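Welcome, and thanks for opening your viewer. Let's take a short walk through the model, one selection at a time.

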Amino acid sequence: MLFDTHAQRWTTLFQGGAGYPYWSQDGRFAYFLHHEARNPQDVAIERVAVRSGEIKEIVIFKGAQFTGFYGLWFGLAPDDSPLLLKDTGTEEIVSMKWTSP
């Protein structure tokens, strides 16, 4: 939810579970982690445009094993590219190239 201090009212930006919300660097979007209802093992990164309320799925991870303080973690880099902690075990190092839409 977003509170408009001038109008003194709340606006719902997203209905449902939205984890680890982050503002984009320019403040136009709120990014968040969303568990897919179709398959609880799937995790999506989505963003909502603050002015229009349009929700866009950025990427979906099907069956990936993530890790973090509460099971998984999501954040944004200074260029708004998504950051996730993936559990790859103790013998594997993984790097992924992010291409912005």
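Start by selecting Y22, which is partly exposed, with a relative accessible area of 29%. Keep in mind along the way that this is a predicted model.

Now add F74 to the selection. Its accessibility is quite another matter: at 0% relative accessibility, F74 counts as buried, since the cut-off for buried is under 20%. Before going on to how these two rings meet, let's look at the aromatic pairs as a group.

**The aromatic pairs**

How many aromatic pairs are there? The count comes to 3. Select F14 and F32 for one of them: the ring centres are 4.5 Å apart and the planes stand at 45 degrees, so this pair is tilted. Colour by secondary structure and you will find F14 in the loop between β2 (9-11) and β3, with F32 in strand β4; the pair therefore ties together parts 18 residues apart in sequence. F32 is buried, at a relative accessible area of 3%.

Back to Y22 and F74, which also form an aromatic pair. Measure centre to centre and you should get 5.8 Å, with 80 degrees between the planes, an edge-to-face arrangement. Y22 belongs to strand β3 and F74 to strand β7 (residues 74-76), so this contact ties together parts that are 52 residues apart in sequence.

**The second largest pocket**

Next, show the pocket surfaces and pick the second largest one, with a volume of about 230 Å³. Some residues from the last stop return here: F14, Y22 and F32 are among those lining this pocket. To complete the selection, add M1, L13, G16, A18, P21, W23, A30 and V48.

Which strands each supply at least two residues of this lining? They are β3 (19-23) and β4 (29-35). β3 gives the most, with 3 residues. Colour the lining by residue class and you will see 10 nonpolar residues, 1 polar and no charged.

**A charge over a ring**

Select R47 and F29 together. The charged end of R47 sits over the ring of F29, 3.9 Å from the ring centre.

**The β5 and β6 hairpin**

For the last stop, show strands β5 (residues 43-49) and β6 (residues 55-61) as a cartoon. They run antiparallel and are joined by 6 bridges. Pick I45 in this view and look across: V59 in β6 stands opposite. Then move to the turn, where 5 residues lie between the strands. Check the backbone torsions there and stop at G53, which takes a positive phi near 80 degrees.

Methods:
Residues numbered from 1 in each chain as written. Predicted model: local features only at pLDDT ≥ 70, side-chain atom pairs only at ≥ 80, totals over all residues. Heavy atoms only, no water. 1 Å grid on protein atoms, 1.4 Å probe; cavity = no way out; pocket = protein on both sides within 12 Å on 5 of 7 lines; lining within 4 Å. Points joined across faces, edges and corners; volume = space filled by probe spheres on them. Helix = DSSP H or I, 4+ residues; strand = E, 2+ residues; numbered from the N terminus. Nonpolar A, V, L, I, M, F, W, Y, C, P; charged D, E, K, R; others polar. Phe/Tyr/Trp six-rings, centres within 6.5 Å; stacked < 30°, edge-to-face > 60°. Buried < 20%, exposed > 50% of the residue type's maximum accessible area, 1.4 Å probe, protein only. Lys NZ or Arg CZ within 6 Å of the ring centre and 35° of its normal. Pairing = 2+ DSSP bridges.
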